[in-house]
There are 2 protein chains.
Amino acid sequence: MAGKFYGIGVGPGDPELMTVKAVNILKKADIIIAPLSKTGRKSIALEIAERFVNKNTKIVELEFPMISISENQKFLNERWNENAMIVKKYIDEDKNVVFLTLGDPMVYSTYSYILDVFVRNEIECETVSGIASFIDIAAKLNIPLMQGEESLAIVSLTQENSEIQNILDANKNIVVMKVATKPAFLKEELLKRKLSKNFVLVSNIGRSDEKISKDIEILDEKLPYLTTMIIKKGFKF
Amino acid sequence: MAGKFYGIGVGPGDPELMTVKAVNILKKADIIIAPLSKTGRKSIALEIAERFVNKNTKIVELEFPMISISENQKFLNERWNENAMIVKKYIDEDKNVVFLTLGDPMVYSTYSYILDVFVRNEIECETVSGIASFIDIAAKLNIPLMQGEESLAIVSLTQENSEIQNILDANKNIVVMKVATKPAFLKEELLKRKLSKNFVLVSNIGRSDEKISKDIEILDEKLPYLTTMIIKKGFKF
């Protein structure tokens with residue numbers, strides 16, 4: 001008999017933003033997999049979930065390098081396969097294994113690569129949703145993401161410039177993730193579209209060093225990794 | 001002294017998908033506002049939250065007509081203002097008032113119109129995120145919404161055709177809400193883009209009459225109101 005594999009979203013930062021279901025699954029976990037961007041760093045997802053973890057539960061930290069996927073496809077595929085096989089070993093030992101994800105497991109997550117391997121190999125996975133960071137930012141700022149007959153696009157600034165430009169043109173509301181990668185490009189695109197008053201920029205939401213700005217000049221500065229922009233064409237911030 | 005106003009997302013259907021924070025706020029509510037699309041109907045949001053509500057809490061049902069916003073702007077504005085004033089009366093009586101929203105309060109919600117009125121009048125609002133239906137659908141089907149260098153757009157099929165076409169072209173992943181309004185149009189656009197194998201259609205997710213289809217011919221049928229499509233250009237379903 002094999003154990004069960006769960007991927008749970010722990011939300012954006014506040015432990016109380018975890019779902020009741022995620023907390024219940026966490027409490028009965030035998031093994032918790034905490035993804036790390038680099039060995040030696042702390043897992044933010046684990047910090048969030050920690051208060052709900054039993055003291056007998058084994059914590060396994062797995063490294064998922066945060067590097068460009070398009071430039072490192074083969075290396076990353078091997079890494080994801082290796083990590084998936086480590087997780088599979090625990091499932092085969094009849095353990096309940098819970099993989100933690102910051103935010104939601106289906107929104108830009110490392111979990112989704114393990115899931116891809118497992119789904120291909122017909123290993124049962126239960127995914128439990130979490131609050132994505134852009135959802136939390138909108139709530140904290142009391143800014144509806146979209147209403148009525150509007151769309152929303154969520155774009156990563158690591159995408160190709162032409163793709164990003166098309167998305168900026170096609171949608172009334174746009175969430176831009178990973179703003180720190182190309183802030184100068186984003187500034188130019190906002191100015192071209194006369195959107196310099198139509199955005200809010202948030203770094204490290206909910207953390208002690210949280211920063212919120214509506215000033216386009218902020219895009220000239222060095223920004224933290226966790227920086228997100230909300231653009232609303234129909235709204236002046 | 002005035003009470004406090006909370007807008008909380010109760011998630012897509014399973015009460016356990018409510019956040020710990022939403023449950024805690026609900027337990028200490030004096031008044032719960034449950035939006036109805038029509039007087040006499042049951043509030044789905046209230047059904048989800050019910051198990052966490054104290055028996056002394058007063059339930060107030062408010063009608064929010066589900067009609068086209070662009071065609072009924074003035075009528076709806078008046079309605080939202082009236083409803084906001086009803087809610088404000090309770091806050092002024094020093095009550096903790098909790099407004100329930102299906103899914104997330106910042107994603108196509110009636111709450112966002114009350115929020116607009118309150119923010120304009122500088123009434124304090126605390127919004128607590130919930131799991132949006134499209135997030136839950138992705139989790140249940142184990143389909144990542146977006147990975148790495150991909151975007152996601154969420155579009156309502158009530159938008160103008162040209163807008164929808166641009167969004168279908170600009171994004172790799174698209175969630176289409178309110179599919180029941182123009183299924184024939186959507187079918188044609190999928191066929192034009194050779195995307196007839198690149199989608200999954202889900203009606204009434206998590207309910208007893210849940211239906212999942214990957215067959216394009218389903219778009220010729222009459223579909224339930226709560227029908228959502230996930231399109232992934234890089235993935236065959």
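This briefing covers the contact between chains A and B, the sheets, the helices that pack on them, and the salt bridges. The model is predicted. In it, 55 residues of chain B are in contact with 55 residues of chain A, and a sheet of 10 strands takes its members from both chains, with β6(A) written next to β6(B) in the strand order.

**Interface between the chains**

- Chain B and chain A bury about 4,500 Å² between them, and carbon and sulfur atoms account for 57% of that area.
- Between chain B and chain A there are 32 residue pairs in polar contact, counted where both residues have pLDDT 80 or more.
- On the side of chain B that touches chain A, the elements giving two or more residues are α1 (20-27), α4 (111-120), β5 (125-128), α5 (133-141), β6 (152-156) and α6 (161-170) of chain B; the largest share, six residues, is that of α4(B).
- By residue class, this side of chain B is made up of 28 nonpolar, 17 polar and 10 charged residues.
- The count of salt bridges between chain B and chain A is two, and one that can be inspected directly joins the side chains of B:K172 and A:E163, at 2.7 Å from N to O.

**The sheet that runs through both chains**

- The 10 strands form an open sheet with mixed pairing, in the order β9(A)-β8(A)-β10(A)-β7(A)-β6(A)-β6(B)-β7(B)-β10(B)-β8(B)-β9(B).
- The edges of this sheet are β9 (211-213) of chain A and β9 (211-213) of chain B, each of which pairs on one side only, and neighbouring strands are turned against each other by 15° on average when direction is ignored.
- Where the chains join, strand β6 (residues 152-156) of chain A pairs with β6(B) in the antiparallel sense over three bridges, and A:I154 has B:L152 in β6(B) as its bridge partner.
- Within chain A, the antiparallel strands β8 (residues 199-203) and β10 (residues 227-232) are joined by five bridges, with A:V200 standing opposite A:I230 in β10(A).
- Helix α6 (residues 161-170) of chain A lies across β6, β7 (173-177) and β10 of chain A, and runs at about 160° to β6(A).
- In chain B, α6(B) packs on the sheet and touches β6, β7 (173-177) and β10 (227-232) of that chain, its direction making about 160° with that of β6(B).

**The parallel sheet of chain A**

- Chain A also has an open sheet of five strands with parallel pairing, in the order β3-β2-β4-β1-β5.
- Because β3 (58-63) and β5 (125-128) of chain A stand at the edges and have a single partner strand each, one side of each is left without a neighbour in the sheet; the twist in this sheet averages 25° from one strand to the next.
- Strand β2 (residues 31-36) of chain A pairs with β3(A) in the parallel sense over six bridges, and within this pairing A:A34 stands opposite A:E61 in β3(A).
- Helix α1 (residues 20-27) of chain A lies across β1 (5-9), β2, β4 (97-101) and β5 of chain A, and its direction is at about 135° to β1(A).

**Salt bridges over the whole model**

- Over all chains, the count comes to 32 salt bridges, among them one in which the side chains of A:E217 and A:K187 meet at 3.4 Å, N to O.
- A:E217 lies in the loop between β9 and β10 of chain A, whereas A:K187 belongs to helix α7 (residues 183-192) of chain A, so this pair ties together parts that are 30 residues apart in sequence.

Conventions. Residues numbered from 1 in each chain as written. Chains lettered and ligands numbered in written order. Predicted model: local features only at pLDDT ≥ 70, side-chain atom pairs only at ≥ 80, totals over all residues. Heavy atoms only, no water. Contact = heavy atoms within 4.5 Å. Buried area = accessible area lost by both parts, 1.4 Å probe. Salt bridge = Lys/Arg side-chain N within 4 Å of Asp/Glu carboxyl O. Polar contact = N/O pair within 3.5 Å; in protein donor to acceptor, adjacent residues only side chain to side chain. Helix = DSSP H or I, 4+ residues; strand = E, 2+ residues; numbered from the N terminus. Nonpolar A, V, L, I, M, F, W, Y, C, P; charged D, E, K, R; others polar. Pairing = 2+ DSSP bridges. Axes fitted to C-alpha atoms, helices over the stretch in contact; angles between N-to-C directions.
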